[in-house]
Amino acid sequence: ADLGNKRRITILGSTGSIGVNTLDVVNQLGGRDAFEVAAITGNSNIALLAEQAKACGAELAVTADEKHYPALKDALVGTGIEVAAGAAALIEAGARPSDWVMAAIVGTAGLAPTLAAASRGADIGLANKECLVSAGELFVKAVAEGGGRLIPVDSEHSAIFQSLEDDQHHAVERIVLTASGGPFRTWTREQMAGVTADIARAHPNWSMGLKISIGSASMFNKALEMVEAKHLFNVRPEQIEVIVHPQSVIHSMVGYSDGSVLAQLGCPDMRTAIGYALTYPDRPTLNVERLDFAKLARLDFEAPDEVRFPALRLARMALERGGVQAAVMNAAEEISFHAFCAGRIGFLDMADIVERVMEEMTSHGSATTMDQVFAADAEARRRAGDLIARNELAA
Ligand code: NAD
Ligand code: MG
């Protein structure tokens, strides 16, 4: 690495599954000899956040939760690392100058700090799909106005990004998102009705954070990814296909007007997509498992079942209706996810609640400002909360 010319990076959500993998990639690519870390952020895992800050030499460490400020301060006393807490500090972490920002906070909490990074023109490695689902065109516009690049980290979208040929957008017929099908791929609705969060979080192929693991079981993760794809690749809803592919080896595909289909394959390991986003347009050398095709022997595909997994139908509905429907879907899903994990509602209730909130809010048009996005998001959360409370009273 060129010592005089270190890349300045920021990791929003460094303590999560993507954040930890990002730091691993950074270390594989030279660590402190190659990178200067402007800021890292976490939430409740203060011990890990402090350990990471010391190891990577971060200038600033932020916890989202103000009540953890004293613990973080204590853990980093005498290190010279700046410490801060709360919503404004998260935005400050995104706003502080750096060349590249990993957006890996989970949920809509990641929106404001990622926007701060996008607006100042940083290149964004986007893991946080929720901010794109929620703010859509406005988020894409903020990136364009800032002048930085938006490089997807979600494995499917990284695969599509890698399979898109320059200047051939007019020849793209369809994009095909692969889905593992999650732990309940072969289950009936009756079987799914009684599952707990502990059962639902056990993903067959990927090791990930809690929300995306539950979202893989309900296929709400794929629902969010359909909307994410629309905004990243500027395609029409009918150009977005989903195919269940249980091995998660083909990470997604692009179909062209000549009948060709280009795909990106690999072992299910997020470090490949993270490394690609970090060094784009170069490819890094990474110590990850290589595909062994003889061992693999076969790849399977099956059509998704929208009756057992209504999330896919809801995503299609959100895409067709446009406006703030995707933001509403995303917000209601986040609230339902928390209620499911708390044991307040059943697994299948999540999609019911999301659909009802979407129906209640069909008259809301497009958002032309971020404030309107936040307002629709807040209203969807309130409505979802009301439905969950009524559901409990009835039970
Ligand atoms: P995670 O739960 O493991 O980590 C989330 C991170 O966000 C942690 O650093 C946590 O401290 C922080 N955080 C949590 N709540 C917060 C709040 N209210 N305010 C600020 N920070 C908060 O999640 P993850 O699996 O790493 O996923 C992160 C994002 O990446 C999600 O948007 C997810 O959809 C996306 N993603 C993850 C994977 C994966 O393999 N894990 C793959 C594709 C996309
Ligand atoms: Mg994905």
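The legends below walk through several close-up views of this predicted model.

**View 1. Three domains share the chain.** Here's the overall split: domain 1 takes residues 7-152, and domain 3 covers 322-395. Domain 2 comes in two pieces, 158-267 plus 292-306. If you go by C-alpha atoms, the centres of domain 1 and domain 2 sit 27 Å apart.

**View 2. Domain 1 meets domain 2.** Zooming in on the contact, you'll find 13 residues from domain 1 and 12 residues from domain 2. Which elements supply at least two residues each on the domain 1 side? They are helix 6 (129-146) and strand 7 (150-152). Helix 6 gives the largest share of that side, with 7 residues. Sorted by class, the face that domain 1 turns to domain 2 holds 6 nonpolar, 4 polar and 3 charged residues.

**View 3. Ligand 1 and the residues around it.** The shell here counts 26 residues, and the ones that come nearest to the ligand are Gly 16, Asn 43, Ala 64, Met 208 and Gly 209. Both domain 1 and domain 2 pitch in, with at least three residues each. As for chemistry, 13 of the shell residues are nonpolar, 10 are polar and 3 are charged.

**View 4. Helices that help line the ligand 1 shell.** Three helices each put at least two residues into the shell: helix 1 (17-28), helix 6 and helix 10 (210-218). Helix 1 has the largest share, at 3 residues. Helix 6 is a familiar face from View 2, where it supplies 7 residues to the side of domain 1 that touches domain 2.

**View 5. The seven-stranded sheet.** This one is an open sheet of 7 strands with parallel pairing, and its order reads 4-3-2-1-5-6-7. What sits at the edges? Strand 4 (82-85) is one edge and strand 7 is the other, each pairing on one side only. From one strand to the next, the twist averages 15°. Strand 7 also turns up in View 2, as one of the elements supplying at least two residues to the domain 1 side of the contact.

**View 6. Strand 5 beside strand 6.** Staying with that sheet, strand 5 (residues 100-103) and strand 6 (residues 123-126) run parallel and are joined by 4 bridges. Look for Val 101, whose bridge partner in strand 6 is Ile 124.

**View 7. The four-stranded sheet.** Over here, 4 strands make an open sheet in the order 9-8-10-11, this time with mixed pairing. Strand 9 (240-244) and strand 11 (261-265) are the edges, and each pairs on one side only. The strand-to-strand twist averages 20°. Strand 8 (residues 172-179) runs parallel to strand 9, and 5 bridges hold the two together. To pick out a pair, find Val 176 and its bridge partner in strand 9, Glu 241.

**View 8. A helix laid across the four-stranded sheet.** Helix 7 (residues 155-163) lies across strand 8, strand 10 (250-256) and strand 11. Against strand 10, helix 7 runs at about 40°.

**View 9. A stretch annotated in UniProt.** For residues 150-233, an unreviewed UniProt entry lists the feature "domain: 1-deoxy-D-xylulose 5-phosphate reductoisomerase C-terminal". In the model, this span is 49% helix and 13% strand. The C-alpha atoms at its two ends lie 11 Å apart.

Terms used
Residues are numbered from 1 along each chain as its sequence is written. Chains are lettered from A and ligands numbered from 1 in the order in which they are written. This is a predicted model: local features need pLDDT of at least 70, side-chain atom pairs count only at pLDDT 80 or more; totals for chains, interfaces and linings use all residues. Domain bounds come from an automatic or database domain assignment. Two residues are in contact if their C-beta atoms, placed from the backbone, lie within 7 Å. Ala, Val, Leu, Ile, Met, Phe, Trp, Tyr, Cys and Pro count as nonpolar, Asp, Glu, Lys and Arg as charged, and the others, Gly among them, as polar. A residue is near a molecule or strand if its C-beta atom, placed from the backbone, lies within 6 Å of it. UniProt positions are given in the numbering used here, feature names are shortened, and annotations may be inferred rather than shown by experiment. Two strands pair if DSSP finds at least two bridges between them. Axes are lines fitted to C-alpha atoms, for helices over the stretch in contact, and angles run from 0 to 180 degrees between N-to-C directions.
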